[in-house]
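Here are a few notes for when you open this one up. Have the sequence and the 3D view side by side as you read.

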Amino acid sequence: MTTATPAVNDPRTGDSKPATGTTTLEDSAGADSQPATRGKTSIADGVVEKIAGMAAREVSGVHALGGGLARTLGAVRDRVPGGRPNVTRGVKVEVGERQTAIDLDIVVEYDVPITDVASDIRENVIAAVERMTGLEVVEVNIAAVDVHLPFDEEEDDDEARVQ
């Protein structure tokens, strides 16, 4: 006894094919899809800010991040018992679904080429953010807001002794 297999129209080509009893959906998120493609991952702005801030601080020639007022307030906050350094100071980001843009305010050491420091920061920040988040970094804008002079260190030491 032979059984006939019913014909099914292929919606993409209009051709008639025999039905096999299984259905495969190419774009489905069902049991046949890879686990990595099921669901959605969102990354908060603060996560990207922390990664970018840490990566920028690792670059030689960077004294600090943030403008004058932000650094002053941050220094006071850092001295409070139990306080910890704010790695997002001087970092602003915009995060989309697949891309991010980063703005950094930096203080560079005196006698260091600012363009070289900025280039090194861009490389380090882009590598760190893309590696850790999978987001494409479309731009890293850097504003050199101050230069740390050698005698500025002495002033910081005087403030630390008088408390």
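The points below go through a charged pair, a buried glutamate and a strand residue.

1. A quick word before the details: what you're looking at is a predicted model.

2. Start with the salt bridge, since the structure holds just 1. The partners are D105 and K92, whose side chains meet at 3.6 Å, N to O. D105 sits in strand β5 (residues 99-109) and K92 in strand β4 (residues 91-95), so this pair ties together parts that are 13 residues apart in sequence. As background, side chains of opposite charge can pair when their charged atoms come close.

3. While you're at K92, have a look at its surroundings. K92 is partly exposed, because its relative accessible area is 48%, in between the 20% and 50% cut-offs.

4. Now move to E49, in helix α1 (residues 45-57). E49 is buried, yet it has no salt bridge. Which side chain of opposite charge is nearest to E49? That's K50, and it is 8.4 Å away. A salt bridge has to be within 4 Å, so K50 doesn't qualify as a partner.

5. What does E49 touch, leaving aside neighbours within four places in sequence? The contacts are V87, T88, V91, K92 and V93. You've already met K92 as the salt-bridge partner of D105.

6. Last stop is A64, in strand β3 (residues 62-65). A64 counts as buried because its relative accessibility is 18%. Follow A64 across to D105: the two are 41 residues apart in sequence, and their C-alpha atoms are 8.7 Å apart in space.

Terms used: Residues numbered from 1 in each chain as written. Predicted model: local features only at pLDDT ≥ 70, side-chain atom pairs only at ≥ 80, totals over all residues. Heavy atoms only, no water. Helix = DSSP H or I, 4+ residues; strand = E, 2+ residues; numbered from the N terminus. Buried < 20%, exposed > 50% of the residue type's maximum accessible area, 1.4 Å probe, protein only. Lys, Arg positive; Asp, Glu negative; His and termini not counted. Contact = heavy atoms within 4.5 Å.
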